[in-house]
Amino acid sequence: MKDLYLVYKNLTRKKLRLFLTSFAIFIAFLIFGAVTALQGALNAGVEMSADNRLVVMNKINFTQPLPYAYVNKVGNVDGVDKVTHANWFGGYYQEPAQQVITLAVDSAHYFDVYSELAVDPAALAQWQANQSGALIGERLANLYGWKVGDRIPIASNIFSHGDGGHTWNLTIDGIFSGRESQTDTGYLVFHYQYFNETHTYGGDSVGWLILTTEDPSLNDAVAKAIDANFANSAAETETSTEKAFNKAFIEQIGNIGLIISSVVFTAFFIILVVVGNTMVLAIRERTGEIAVLKTLGFSSLRIFTMVLVESFLLAFVGGLLGLTAAYITVEVLSGVFANFLPNLVLDQDIVIQALGYMLLLGLVTGMIPAVRALRLNIVSGFSRD
Amino acid sequence: MRVLSQSLAVIVMNVRSLPSRLWMSLAMVIASAVVVAILLAFLAMAKGFEATLEGAGSEDVAFFLRAGSGAELNSNLSQEQVNILANAPGIVAEQGKPIVSAELYVIVDGVKKSSQTEANIPLRGLNANGIALRKGFELVDGRMFRPGTDELIVGQGVLNEFDGFELGQTVRFGQNAWKVVGVFSTGGNVFESELWADIKVLQSLYNRGSTYQSLRAKLAPDASLETIETFIANDPRLNQDVQTESSYFAEQGKNLQYMAIFGRVISAVMALGALAGALNTMYTSVAERAREIATLRAIGFSHVSAFVGTLVEALVLSTIGGILGCVAAFVLFDGLNVSTLGSSFTQVVFRFQLTPDLFLQGVIMALIIGFISGFFPAWRAARVPVVTAFQSGR
């Protein structure tokens, strides 16, 4: 207990220095937590993809449509379990800036293929029977405060409604949620058939197909079979696993993310080095005092422990505060950016990583002066002053 | 005069003794270098965005999209609408023909060199007017595509960032093969991230009939957008939004600007952390020399000289750091080509640019760091009573 009191006194003897050191560590970990969470959010789609799910796109690019007839043709390929399809609607609510991710989907099978989405069977049945109905994700429902039974106007920045205008009035029949917390539920689905009959631009084409294979080991064979089937046709396909597709999409955002995070991480480490340097020197200043402690009969090991505890405390006080601030920042930002980055969370992995770095910081900055104190010869300790 | 010569003496003494306080000095230099390097990295990125998007549009080109579509990808115009709009008031005509370019914009896949993954590239169909409307257009290699053929010209940015678009190559998008016959530059702006081909060929290969996605028109110097808006509002066959091309790109640039803002926030916060580190270093360094400073004052050196000596020491260290930071940023980032997803859902290639004014900002930043981290410790060094300084030992 007495030792802890001594450590406390040592830490607080120069309040300004304590503050500055903790503050620098605080900032370093704040940035570390926030940027790592951001990176995690960008990669979340990749980690959440199902193993046996494939996506079929137009080979030219995923913004080019595929003929509706492909749905059945793909369904007949060996090894395909279930197949469904979706169209990008370009939806927004009230004004273009309020994007509502809206997909026109095949109501019969969409929720079979996306088995991680949970929806009440009664609501699903009601939606399937209601041509102008929609199902919305939990997160989207919370965002706009929409409830079952609400009639909402969703406008499209791509399509025109056959009755004029760009707005479709949809009734919410149910709300779907994710079986896992990271599953994205920030979007709305409505009937492809209704969409196809009411929009004026082209028709009978689908945006992309999503299918599950009977077993993940069949993925490659199925993908090749599908692409071979449509080779040399007007709309050639490119089939890839959901994971590969999501990954490629993130790559589109590109090396800029990598550059930002590598700059930030370099800075993180350098700040720690600068701070560590002062921490080491601050303890070295006290060489004379350590010699006094030794004269008074403190064992070398005891002093060694005290010095280490001091630097660990310093590292963890600043670090944990920084991590807490990062957590709060991420929570706030995830509300603001719910539309772009649905998976912005500071999760366990980041906390563990950060704790590891705090431990390392405490160890490295404490070890040098602690070992010095351990070996210190009393006479030379006094003569240094 | 005495204050000056004393200060000078202290400065010389402090600066010459820097190497003996190697770790402290180094820590200060590094802290300052990091702040400057991060600041410059983000400024260079913002500069690149600016050159790419804000340099793209012209003030004297009217840009028409279907109302509410927001971006070319979502828009569409019929041949009839194009014909009507071409005769809108305020559009320049040459020999009776209005200077307009109706364009088509489709997205194709290219393989990014950096990651070897597929990414979206815009393939634009346009006519000779369209090319003439792009300021700064220049063929840097090869020749122009011939109308009516499956030839295309490739932007410098695409050539740099993507595989397989070298002059003379044949590229395939789905069933269609195109021959690369030229490389063009538009002075580093967003058009360099595109592929250009003949509009009629593109319409037929992509089954677009006679529809377009956007229309550009040369505005007469005295033309006003309001007149054109009224013209559109009065014709039931039209449903277009009109704006100048430059305001369209300024809007498109907003997405990328968010990234630059994000960078600024991060670098500001990081700078605070590094500043705390630098301040701490200076305090510790001054505290170590408390007795030395007290001695100087005891033998007749003034407050001012003790103050100035410490402050200049901090400024020298932070300036060295700042210069190192500038050099590091220049070596690592200048001319770095990167591409990212722009708001039209396609890759925008841009280049980090470190211009002299940015270096100036970097050095100013370094001086600010030096001033803040030197001022307070110097103040303390000059103010502590000599007796106290001796008593406290260090």
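Colleague: How do you know that A:Ile31 touches residues such as A:Val264 and B:Ile266?

Modeller: This is a predicted model, and the test is one of distance. Two residues are in contact if their C-beta atoms lie within 7 Å. Leaving out residues up to four places away in sequence, A:Ile31 touches A:Val264 and A:Phe268 in chain A, and B:Ile266, B:Val269 and B:Met270 in chain B.

Colleague: What makes A:Ile31 part of a nonpolar core?

Modeller: A core is a set of buried nonpolar residues joined through C-beta atoms within 7 Å. The largest nonpolar core has 175 residues, and A:Ile31, A:Ile271 and B:Leu40 touch the most other members. A:Ile31 is therefore counted as buried, with 20 or more other C-beta atoms within 10 Å of its own. The element that gives the most to this core is α2(B), with 22 residues.

Colleague: Why is the set with A:Leu140 and A:Phe245 called another core?

Modeller: This set of 49 residues lies apart from the largest one, and among its members are A:Leu140, A:Leu209, A:Ile210 and A:Phe245. Membership requires a join within 7 Å, so a set that lies apart is counted as a core in its own right.

Colleague: Which residues make up the contact between chains A and B, and how many are there?

Modeller: Chain B supplies 47 residues and chain A supplies 42 residues. On the side of chain B that touches chain A, α2 (22-54), β4 (100-112), β5 (118-126), α8 (245-288) and β14 (337-341) each supply at least two residues. The most come from α8(B), with 15 residues. By class, this side of chain B has 24 nonpolar, 19 polar and four charged residues.

Colleague: What makes chain B unlike a compact globule?

Modeller: A compact globule of 394 residues would have a radius of gyration near 21 Å, whereas chain B has 30 Å. The C-alpha trace of chain B spans about 95 × 45 × 30 Å along its principal axes. Buried residues make up 51% of chain B.

Colleague: What are the two domains of chain B, and how far apart are their centres?

Modeller: The domain assignment gives domain 1 (2-54 + 252-391) and domain 2 (68-238). Their centres, taken over C-alpha atoms, are separated by 47 Å. The contact between them takes 13 residues from domain 1 of chain B and 18 residues from domain 2 of chain B. On the domain 1 side, α2, β14 and β15 (347-351) of chain B give two or more residues each. The largest share there, four residues, comes from β15(B). In chain A, the corresponding assignment is domain 1 (2-46 + 254-383) and domain 2 (65-234), with C-alpha centres 48 Å apart.

Colleague: Why are β9(B) and β10(B) called paired strands?

Modeller: Pairing requires at least two bridges, and four bridges join β9(B) to β10(B), so the two strands count as paired. They run antiparallel, and B:Phe173 stands opposite B:Asn176 in β10(B). The two strands form a hairpin with two residues between them, and B:Gly174 in the turn has a positive phi of about 60 degrees.

Colleague: How do you know that the side chains along β9(B) alternate?

Modeller: B:Val171 and B:Phe173 point to one face and are buried, while B:Thr170 and B:Arg172 point to the other and are not. The cut-off for buried is 20 or more other C-beta atoms within 10 Å, so B:Val171 and B:Phe173 reach that count and B:Thr170 and B:Arg172 do not.

Key
Residues numbered from 1 in each chain as written. Chains lettered and ligands numbered in written order. Predicted model: local features only at pLDDT ≥ 70, side-chain atom pairs only at ≥ 80, totals over all residues. Nonpolar A, V, L, I, M, F, W, Y, C, P; charged D, E, K, R; others polar. Buried ≥ 20, exposed ≤ 12 C-beta atoms within 10 Å, placed from the backbone. Domains from an automatic or database assignment. Rg over C-alpha atoms; globule rule 2.2 N^0.38 Å.
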